[in-house]
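I opened the model today to look up strands, hairpins and charges. My notes follow in the order I took them.

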Amino acid sequence: MLSHAPELALYGLSAPHTLRSLAQLRDDIDRFWPLPARARAEEPSVQPRLAFTDTGDALEYSVALPGCALEQMEITATEDSLSIAARRDLTLPDGFALRSRERRAWALSRHIDLPCKVSADDVQATYAQGVLSVRLPKAPEAKPRRIEVRGVTQEVAS
Amino acid sequence: MSTVQTDVSSKSNGKRSFMPFSPAADVLESAEQYLFVLDLPGVSKDELVVQILDGKLSVSTEPDAAHPEPKIRQRRFELPADVDAEAISAELENGVLTVSLTKRPSARPRKIAINGS
């Protein structure tokens, strides 16, 4: 869950009064707004985009998550679903102040219903050059099989 | 085996659909250094070009056979006046580029001792 006020404090800016009021409002909302709905509402406006490829033997998902620590990622798979949770916090190194900022802290949470059954035990996830790739080998029954076409000899009526 | 390409989200041009892009950048400053921090997911060290060009810091990628179009849009940053253009280093880790520029010693803030009587 993204919390904006502590982030501002992190960058050495003081939270203005209006932000404190907003935090108060959010606390009030928290008391009667159910959690799943709130999580959706707090998703960052720019969601990291997920790319999908079906290689025939496996399903592959990849998503650009630059600067994400491995312990900030959680990937779980069942035979018919994949969940990816990842977050990035932007922390300033000691002694540094921010001159300008375009990069964002974000929290990603995606649940995907897979288009076919996979072998959940053989799912592999790799993180290289800031890109997370998840490869899910298809379950044997979901793999494409080549079907032999047999010719049928027609008996010629004499 | 033919490869089916679709995207879970609404817009996509293909498998590596997050490129080309204009990389987001942060600029940080300390007493001795400036840091230019850029998000460059999927960009390898070999194709990345970081240089000082016409007094500006330039970050771009070199097109190759696999990517005739540059992967990223070139970013150029005005160099602060107190930078030592010779003392520059760059590091690429987990898709994040950090370019360190050192301030000229004379430009660093110095504490002046006050001699009292």
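**Entry 1: a hairpin in chain A**

I began at the hairpin of S1(A) and S2(A), where three residues lie between the strands and A:Gly56 takes a positive phi near 100°. Strands here are DSSP runs (E, at least two residues), and helices are runs of H or I with at least four, numbered from the N terminus. Before going on, I noted that this is a predicted model, in which local features need pLDDT of at least 70 and side-chain atom pairs count only at pLDDT 80 or more, while totals for chains, interfaces and linings use all residues. Residues are numbered from 1 along each chain as its sequence is written, chains are lettered from A and ligands numbered from 1 in the order in which they are written, and side-chain values use heavy atoms, with hydrogens and water left out.

Next I checked the pairing (two strands pair if DSSP finds at least two bridges between them). S1 (residues 50-54) of chain A pairs with S2(A) in the antiparallel sense, over five bridges. I looked up A:Phe52 and found A:Tyr61 of S2(A) as its bridge partner.

**Entry 2: S2 and its other neighbour**

How many bridges link S2(A) and S8(A)? I found seven, again in the antiparallel sense, with S8 spanning residues 131-137 of chain A. Two of the partners I wrote down are A:Ala64, opposite A:Val131, and A:Leu59, whose partner is A:Leu136.

Then I asked about cover, with buried meaning under 20% relative accessible area, exposed over 50% and partly exposed in between (1.4 Å probe, protein chains only). Seven of the seven residues of S2 (residues 58-64) of chain A are buried, so the strand is largely enclosed by the rest of the structure. I checked each face. A:Ala58, A:Glu60, A:Ser62 and A:Ala64 are buried on one side, and A:Leu59, A:Tyr61 and A:Val63 on the other. S8(A) is mostly covered, with five of its seven residues buried.

**Entry 3: the hairpin of S7 and S8**

I moved on to S7 (residues 124-128) of chain A. S7(A) runs antiparallel to S8(A), and five bridges join them. A:Ala128 has A:Val131 as its bridge partner. Two residues lie between these strands, and A:Gln129 takes a positive phi near 50°.

**Entry 4: both chains in outline**

I counted elements next. Chain A has three helices and eight strands, in the order α-α-α-β-β-β-β-β-β-β-β. Chain B has zero helices and eight strands. I then took the buried share: 33% of the 158 residues of chain A, and 39% of the 117 residues of chain B.

**Entry 5: salt bridges**

I searched the whole structure for salt bridges (a side-chain nitrogen of Lys or Arg within 4 Å of a carboxyl oxygen of Asp or Glu). The search gave eleven over all chains.

Which one did I look up between A:Arg88 and B:Asp39? Their side chains meet in a salt bridge at 2.9 Å, N to O. A:Arg88 lies in S4 (residues 81-88) of chain A and B:Asp39 in S3 (residues 33-39) of chain B, so the pair joins two chains. A:Arg88 is buried at 2% relative accessible area, and B:Asp39 is buried at 9%. I also found A:Arg88 and B:Asp39 in a network of salt bridges with A:Arg103 and B:Asp26.

Within chain B, I noted B:Glu29 and B:Lys103 in a salt bridge at 2.7 Å, N to O. They link distant parts of the chain, from S2 (residues 25-29) to S8 (residues 96-103), 74 residues apart. B:Lys103 counts as buried at 5%.

I then looked at B:Arg76 and B:Asp54, which meet at 3.8 Å, N to O. B:Arg76 sits in S6 (residues 75-78) and B:Asp54 in the loop between S4 (48-53) and S5 (56-61), 22 residues apart. Are these residues buried or exposed? B:Arg76 is partly exposed at 38%, and B:Asp54 is exposed at 67%.

**Entry 6: A:Glu141**

Last, I looked past S8 of chain A, where A:Glu141 lies in the segment after that strand. A:Glu141 is exposed, with a relative accessible area of 57%.
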